[in-house]
Amino acid sequence: MNIHEHQAKDLLRQYGINIPEGKVIFNTNEIELAIASFNAPVLVVKAQIHAGGRGKGGGVEVSKTPADANTYAQAMLGMNLVTKQTGASGKRVQRVYIEPGVNIKKELYLSFVIDRETSNITIIASTEGGMDIEEVAEKHPDKIIKVPINPVTGFQPFHGRRLAKGLKLPLNAKDGIGSLCQKLFRLFVEKDLAMLEINPLVITSDDALIPLDAKISFDDNALFRHPDIQALRDLTEEDPKEIAASKFDLNYVSLDGNIGCMVNGAGLAMATMDIIKLHGGEPANFLDVGGGATKEKVQAAFKIILSDPAVRGILVNIFGGIMRCDVIAQGIVDAAHEMEIHVPVVVRLQGTNVDLGKDILTRSNLNLHTVDSLTDAATTIVNAVKG
């Protein structure tokens with residue numbers, strides 16, 4: 001689960017991190033009063049969406065007068081902001097954040113991520129703040145600093161010294177990086193974060209370290225422990241299809257292709273998407289119905305896939321272990337009777353009760369293509385969609 005920048009900064013403040021106090025605005029009537037509450041020569045107006053690259057799309061503006069701040073905020077509220085991460089369709093801005101500007105001497109990059117290969121929480125830092133870290137990694141890999149932290153022993157003073165040296169911090173800021181990262185590490189662990197990114201982390205004119213932006217995502221599997229975090233969820237920032245899928249415990253991610261996929265198991269789903277691309281197609285989604293799917297789940301999955309207007313065909317690829325092929329087959333039949341399936345559907349069933357499942361599909365008299373191999377499934381659906 002992702003949250004907005006202003007929510008992330010509120011969390012950082014709760015852990016004693018120095019963040020300028022800002023104001024979040026939800027409608028134009030609040031703008032003038034919010035601006036009047038600041039006593040600062042420079043104000044920064046930021047559109048709040050769950051995507052990076054806002055500045056390049058006109059979603060971050062620096063104003064030197066209250067009138068300019070008002071103009072920027074008025075223009076941002078309700079605008080459709082397009083960035084690299086939103087895609088061409090963009091996202092509608094429904095809240096704006098205003099905060100005082102700071103005197104910036106240097107911009108840095110800092111993030112905490114989970115390294116599953118080493119079972120560590122790794123700090124990634126760079127002297128090249130304010131840039132896309134992927135671009136820095138590609139063009140200047142020597143400027144990427146990685147500091148692994150054992151989650152059992154936690155953040156230690158020597159981690160701070162390594163970061164201070166790698167970031168070439170001025171003397172007055174060297175102690176600050178250790179203190180900052182200690183607090184960030186505690187936040188990361190206690191709130192079950194999946195990722196924390198500060199870009200930029202700035203060194204001010206008096207050598208203070210201040211996070212100017214903050215992006216946080218949480219481990220969805222741990223949200224049951226944090227009702228306070230669940231309350232921060234903004235459903236307007238999420239794909240409606242993904243919201244619908246979550247209600248049925250379906251793992252769904254929308255993609256840009258035109259072949260809908262319904263698979264059981266994350267690994268098999270990835271392999272299915274790969275083989276579709278191998279044979280010249282483009283998957284429209286990742287959808288894992290899980291090992292204990294019911295007929296109702298299968299029906300819901302079909303409805304979600306078909307709600308995507310880009311879908312021109314559906315590939316069902318089920319390996320029956322815990323999952324029974326007859327349950328999947330009956331769910332497909334029930335879904336077809338309940339709604340008009342106007343696109344070709346290819347079904348591949350293997351495993352538990354596979355013969356019974358195939359018999360249910362055959363007796364349904366539905367216009368389905370049943371195949372036995374994954375290669376046949378991929379080529380059949382790709383050709384059907386192209387045809």
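**Domains, an enclosed helix and an annotated site**

The domain assignment divides the protein chain into three parts: domain 1 (1–20 + 104–238), domain 2 (21–101) and domain 3 (239–386). The structure described here is a predicted model, and its features are best followed with the 3D view at hand. Between the C-alpha centres of domain 2 and domain 3 there is a separation of 42 Å.

A good place to begin the tour is helix α1, which covers residues 5–14. Eight of its ten residues are buried, so the helix is largely enclosed by the rest of the structure. The buried residues of α1 are Glu 5, His 6, Gln 7, Ala 8, Lys 9, Leu 11, Leu 12 and Arg 13. After the helix comes Gly 16, a residue with a positive phi, near 75°.

Attention now turns to a site named in a record. In the unreviewed UniProt entry, the annotation "binding site" covers Asn 264, Gly 321, Ile 322 and Met 323. These residues span 60 residues in sequence, yet no two of their C-alpha atoms are more than 10.0 Å apart, so they gather at one spot. Readers can check this by finding the four annotated positions in the 3D view.

Two members of this group make a helpful pair to look at together. Gly 321 sits in the loop between β16 (313–320) and α11 (325–338), and Met 323 also has its place in the loop between β16 and α11. How buried or exposed is each one? Gly 321 has a relative accessibility of 43% and therefore counts as partly exposed. For Met 323 the value is 3%, so this residue counts as buried. The cut-off behind this reasoning is simple: buried means under 20% relative accessible area, exposed means over 50%, and partly exposed lies in between.

The cysteines complete the picture. How many disulfides does a search of the whole structure find? The search finds zero. Cys 261 takes part in no disulfide, and the nearest cysteine sulfur, that of Cys 325, is 18 Å away. A disulfide calls for a pair of cysteine sulfur atoms within 2.5 Å. Seen from the other side, Cys 325 is likewise in no disulfide, with the sulfur of Cys 261 as the nearest cysteine sulfur. Are these cysteines buried or exposed? Cys 261 is buried, with a relative accessible area of 1%, and Cys 325 is buried too, with a value of 0%.

Notes: Residues are numbered from 1 along each chain as its sequence is written. This is a predicted model: local features need pLDDT of at least 70, side-chain atom pairs count only at pLDDT 80 or more; totals for chains, interfaces and linings use all residues. Side-chain values use heavy atoms; hydrogens and water are left out. Buried means under 20% relative accessible area, exposed over 50%, partly exposed in between (1.4 Å probe, protein chains only). Helices (H or I, at least four residues) and strands (E, at least two) are DSSP runs, numbered from the N terminus. UniProt positions are given in the numbering used here, feature names are shortened, and annotations may be inferred rather than shown by experiment. Domain bounds come from an automatic or database domain assignment.
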